[in-house]
Each structure stands twice: as C-alpha cells, then as structure tokens.
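Colleague: Before we discuss the details, could you put the model on the screen and take me through the reasoning behind the labels you use?

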Amino acid sequence: NTSHTYNNLSTILDSSFTVSLIISNIEGCSDSTDSAITVFPQPLADFSFSSPAICSNDTVFVNNSSSAKLPAAYLWTITSPNPNGVIISDTTAFEPFLTFPLNQSTSDSTYTLLLVVTSANGCKDSINQDITVHRNPLVDFTITPEGCGPLDATVTNNTSNVSSTYV
C-alpha cells in the first residue's frame, strides 16, 4: 500500500487526477488499471468590517470576500465575550449587518465574529475577526433650575466615560 496527497489550489473549481497502477510479476507478465479521482476545492473564508471600531448601539456592515464553490453556505456567530444583545441581521446571509448593545460601562468591548463557509461539496473553512465597540458617554449635568431674570445660570457637567467634554 502507498499513499499520495493530491492538492487542489482552486477555491471554486474541482481538480481531477488519473491514478494508474501497473503491476508486474516475476515472470514478466503485467497488467494495469486507471482510476479517476476528484479533489474538491477548499473554500477560503474572509471578511472585513465596514469600520474596525464603532460606538455601542451602532450598526456595522460585513464585507464578505470569501471564495467557495457555489452554492455555498455561510454561518455567522459572535463567539466572545458575551453574545447577548448583539444582533446579527441574518446569521446565514452572505453579508449581514451587526448591531451591538449599548455600552455605558467604564471600558470598551471587543467582540469576536466567526464566519464558517461551507462549499457545495461540504468542504469548510473559517475565520474570526475582532471588532472594538467603544463605550458611550454617560451624559449628565446640573443647572440652576430657576431664578429672577436676568438669571446667571451655572451648568455643571457630570458626564462620565469620556476623556474630554464639549458644551
């Protein structure tokens, strides 16, 4: 018995090979046979985000640049940190969009999006990429609520989660 690896460098086309076996015995008699094999293409999963970082509660679009023998299937999932609250418009779409939950905590969040591409022949490839979702500021201020005119009002900015503030 012997083995050989047959490669297919395409991501969309089948590759065909002919395998021949020739046998000779010690008397010099021989026989041969051929057999055709097909190597299905390995898909290549790839995508990018319309923006590598967004604000929480915003929507980002996915640009799918995968290559696979058609018809192909696509499966999108958020794998970390906690997918609760993340909305994927259609987990089996070619190019879905994602909406992330409101984040008013003290730090940004990083989510990992996983794409699994399955070709027409059932061959699979996957890729994951991170996207940073920036926290939103927690806006708050106080103002002198009333007084006789002309009123000299004092505004105090109590906003948190920002390094600078604007009035």
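Modeller: Let me begin with a cut-off: a residue is called buried under 20% relative accessible area, exposed over 50%, and partly exposed in between. Please keep in mind that this is a predicted model.

Colleague: Why is Glu95 called partly exposed?

Modeller: Glu95 has a relative accessible area of 42%, and because partly exposed covers the range between 20% and 50%, that label applies to Glu95. The residue sits in the loop that runs between strand 7 (87–88) and strand 8 (97–99).

Colleague: What makes Val62, Asn63 and Asn64 contacts of Glu95?

Modeller: A contact requires heavy atoms within 4.5 Å, and once neighbours within four places in sequence are set aside, Val62, Asn63 and Asn64 are in contact with Glu95.

Colleague: What makes the pair of Asn64 and Glu95 a polar contact?

Modeller: A polar atom of the Glu95 side chain lies 2.9 Å from the backbone nitrogen of Asn64, and since the limit for a pair of N or O atoms is 3.5 Å, the distance satisfies that criterion.

Colleague: How do you know that strand 4 and strand 10 pair?

Modeller: Pairing needs at least two bridges, and strand 4 and strand 10 (residues 124–134) have three, in the parallel sense; Cys55, for its part, stands opposite His134 in strand 10.

Colleague: Why is one side of strand 4 and of strand 6 left without a neighbour in the sheet?

Modeller: The open sheet has four strands in the order 4-10-9-6, with mixed pairing. Strand 4 (53–55) and strand 6 (73–80) stand at its edges and have a single partner strand each, so one side of each remains without a neighbour there.

Definitions and conventions:
Residues numbered from 1 in each chain as written. Predicted model: local features only at pLDDT ≥ 70, side-chain atom pairs only at ≥ 80, totals over all residues. Heavy atoms only, no water. Helix = DSSP H or I, 4+ residues; strand = E, 2+ residues; numbered from the N terminus. Buried < 20%, exposed > 50% of the residue type's maximum accessible area, 1.4 Å probe, protein only. Polar contact = N/O pair within 3.5 Å; in protein donor to acceptor, adjacent residues only side chain to side chain.
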